[in-house]
Amino acid sequence: MMQNVHLAPETDEDDLYSGYNDYNPTYDTEELENDTAFQQAVRTSHGRRPPSKTSLASSMGRPMTGAIQDGVTRPMTAVRAAGFTKAALRGSAFDPLGQSRGPAPPLEARNEDSPEEKIRQLEKKVNELVEESCIANSCGDLKLALEKAKDAGRKERVLVRQREQVTSPENINLDLTYSVLFNLASQYSANEMYPEALNTYQVIVKNKMFSNAGRLKVNMGNIYLKQRNYSKAIKFYRMALDQIPSVHKEMRIKIMQNIGVTFIKTGQYSDAINSFEHIMSMAPNLKAGFNLILSYFAVGDREKMKKAFQKLIAVPLEADEDGKYISANDDPHTNLVIEAIKNDHLRQMERERCVEVVKASQYVELANDLEINKAITYLRQKDFNQAVETLKMFEKKDSSVKSAAATNLSFLYYLENEFAQASSYADLAVNSDRYNPSALTNKGNTVFANGDYEKAAEFYKEALRNDSSCTEALYNIGLTYKKLNRLDEALDCFLKLHAILRNSAQVLYQIANIYELMEDPNQAMEWLMQLISVVPTDSRALSKLGGLYDSEGDKSQAFQYYYESYRYFPSNIEVIEWLGAYYIDTQFCEKAIQYFERASLIQPTQVKWQLMVASCFRRSGNYQKALDTYKDIHRKFPENVECLRFLVRLCTDIGLKEVQEYATKLKRLEKMKEIREQRTKSGRDGSGGPRGRRDGSAGSDGGQNCSAGSRGERLSAQLRALSRTEEPYDSSSNKELDASYVDPLGPQIERPRTAAKKRVDEDDFADEELGDDLLPE
């Protein structure tokens, strides 16, 4: 064996690769011709005889090739293939996965007597006892809660001892120990067993292994406060305050409030004042402000009492006075209670006394604001009749108040599409105050609604002369110029408005739409991109942008925006139709099926969508599915000629017997169709020719509608092109694409904005289309 061992060279000058050509003589194939045993095995069957069980080992200590070890012959290669052994070939079937060995042995049954299992069960029992104790406390059974807590404590100590015997002390469940001790202390305190509660809290606080246990000193301070041991209560409150980090401001404020109350009980008003003043400077609240006033009263400092009272009334109320009579949910019981108390005698007296006191004071002008606010409250409660009645009370007031009330009444009637009443109150508002821009804007709106755009523009211009920051008037005058087809002036108005309202979706859309009407699609697409950056989920804006790219011939970009529009709003028929036509045009009929199926769900009475589904099946080679679809269509629409034509064609190609039945029905329907056409033709000849078709529409929207119609015609032409090989498509039900834009803030973008007098609350009616509130100046 030592002859194969090569010692490392003594110097680095020797060949580093020496010895690599040396090998075991056993693997020398050049001397096989002189090997007598090998030659005999080749000539005879000596090589196929089973070798002896005592085989020679190689020089490296491993069995030689062909040697048997552990009942298995060593393979001829260095890596044994799975399932291929000599033993397997001697009578056993090929079974690489070992399936012949039968099913796996069953899982070992859990040993319930093992220490680990006993510990697990005991831990589960302790948790259950803690939960039962908490439930009993919430139900008011304090005695039972304490018994459960004590039982949990006893079992937890047994659990700790068992864990120490089985595992190391580091594996003790500290969270469980903390919860057991904390629950026990809480139950002692609830049962007024204060010494026991303090002892239990002391155990938790002194254990350094419990994190944040120092906060429980607040509970200990509360117990001392109940025992009227005020000095110790203050001591533990301060200790807890020192251990709570400054990031927990709310908890620190509550502890300081407890300290201040304790100082009041001890008569140390100066210290109490320091605590409450700190609270009012950091996080003012009603309780601290009230206690601060009492402390100043106790020391007789009237001036500081006044300042403290000013701080107290500056604290925002937690409940909205106007919204406390508005139901926050649809609970019937809550709604009945609110309905009962919102107009009871106490509420009426509250309103009357409040208004009377203000009227009798030097702030008489505030009474008018209170009445206006009352009308706003009615509007929030959706009680429009009461709001109108409240505002009508101002018709006999002085000019400024009358103008504000009339402006709001005009606003309300305009929203309800009662334009005559809106115009009447707008005139009253303008006559009361000619320099009221909101009144002039509302008057322009009523004129705009009657179609007198030139006169509406004059009112809007006058409103802008009185108040150049009246964005409603500027927006509406842009719409007016657009109606008058003065696109350059309209664009100038909306660009000015865009400089004021940078992220207004309405303004961005109007600019894009005007560029489209001016036949500048590149600018229109650029502004639509800005619109999408503001409202990225607006499906109509996305489809509009896709339509512009489609008109420019960029199908890939058009598909991207149409697909995004479909993703946000999968019920837009125009978008679904375009996507289906796109996939058919790109020879992906299978993908078009899902879109036409959705269209058939949205419009189940339109046969064209179901015909397109069947056509896509037929084009993709699924003739059986196409035949079933055509049969289903025929059951729903038995008089559809296109469906019968394809049924005859498919049945003929497949060789079905129903072909004769469908052919007979087809001939009958075609004959009836010819008779109807002849009658229609004879009726036209008798009436003196066909009537002239009205073309175009009033106003400047005609350009927009023409653009939409041309795009709809192109899309319809694509789908009709599929019927050149007798492809079914019901052209009579063709509907042009609607290019109108649904504004994200309301249902009608072309409606002029209504102006109302503004004062304080900029969020009133923020979710309405016009976005204006009804508060007076």
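Author: A helix is here a DSSP run of H or I with at least four residues, and helices are numbered from the N terminus. In this predicted model, Gly140 follows just after helix 2 and takes a positive phi of about 90°.

Reader: How many helices and strands does the protein chain have?

Author: The chain has 32 helices and two strands. Of its 777 residues, 38% are buried.

Reader: How do you know that the length of helix 2 is close to the one expected at 1.5 Å a residue?

Author: Helix 2, residues 115-138, has 24 residues. The expected span is 1.5 Å times one less than the number of residues, which for helix 2 comes to 34 Å. From first C-alpha to last, helix 2 reaches 35 Å, close to that value.

Reader: What makes a residue of helix 2 count as buried, and which residues are buried?

Author: A residue is buried if its relative accessible area is under 20%. In helix 2, this applies to Glu117, Ile119, Leu122, Glu123, Val126, Leu129, Val130, Ser133 and Ala136. Their cover includes helix 3 (142-166) and helix 4 (174-190).

Reader: Why do residues three or four places apart in an α-helix point the same way?

Author: An α-helix has 3.6 residues a turn, so residues at that spacing point the same way.

Reader: Why is helix 21 called roughly antiparallel to helix 22?

Author: Helix 21 (residues 487-500) and helix 22 (residues 505-517) pack at about 155°, with their axes 9 Å apart. Angles over 145 degrees count as roughly antiparallel, and therefore helix 21 is roughly antiparallel to helix 22. Their crossing is left-handed. Among the residues in contact are Leu487, Phe494 and His498 of helix 21 and Val507, Gln510 and Tyr515 of helix 22. By class, this contact has 12 nonpolar, two polar and no charged residues.

Reader: What makes helix 25 oblique to helix 26?

Author: The axes of helix 25 (residues 555-568) and helix 26 (residues 573-585) come within 10 Å and cross at roughly 135°. Oblique is the term for angles that are not under 35, not over 145 and not from 65 to 115 degrees; helix 25 is therefore oblique to helix 26. Helix 25 passes helix 26 in a left-handed crossing.

Reader: Which residues of helix 25 and helix 26 meet?

Author: They include Lys555, Phe559 and Ser565 in helix 25, and Val575, Trp578 and Tyr582 in helix 26. By class, the contact has 11 nonpolar, one polar and one charged residues.

Methods. Residues numbered from 1 in each chain as written. Predicted model: local features only at pLDDT ≥ 70, side-chain atom pairs only at ≥ 80, totals over all residues. Heavy atoms only, no water. Axes fitted to C-alpha atoms, helices over the stretch in contact; angles between N-to-C directions. Left-handed = near helix turned anticlockwise from the far one by under 90°. Contact = heavy atoms within 4.5 Å. Nonpolar A, V, L, I, M, F, W, Y, C, P; charged D, E, K, R; others polar. Buried < 20%, exposed > 50% of the residue type's maximum accessible area, 1.4 Å probe, protein only.
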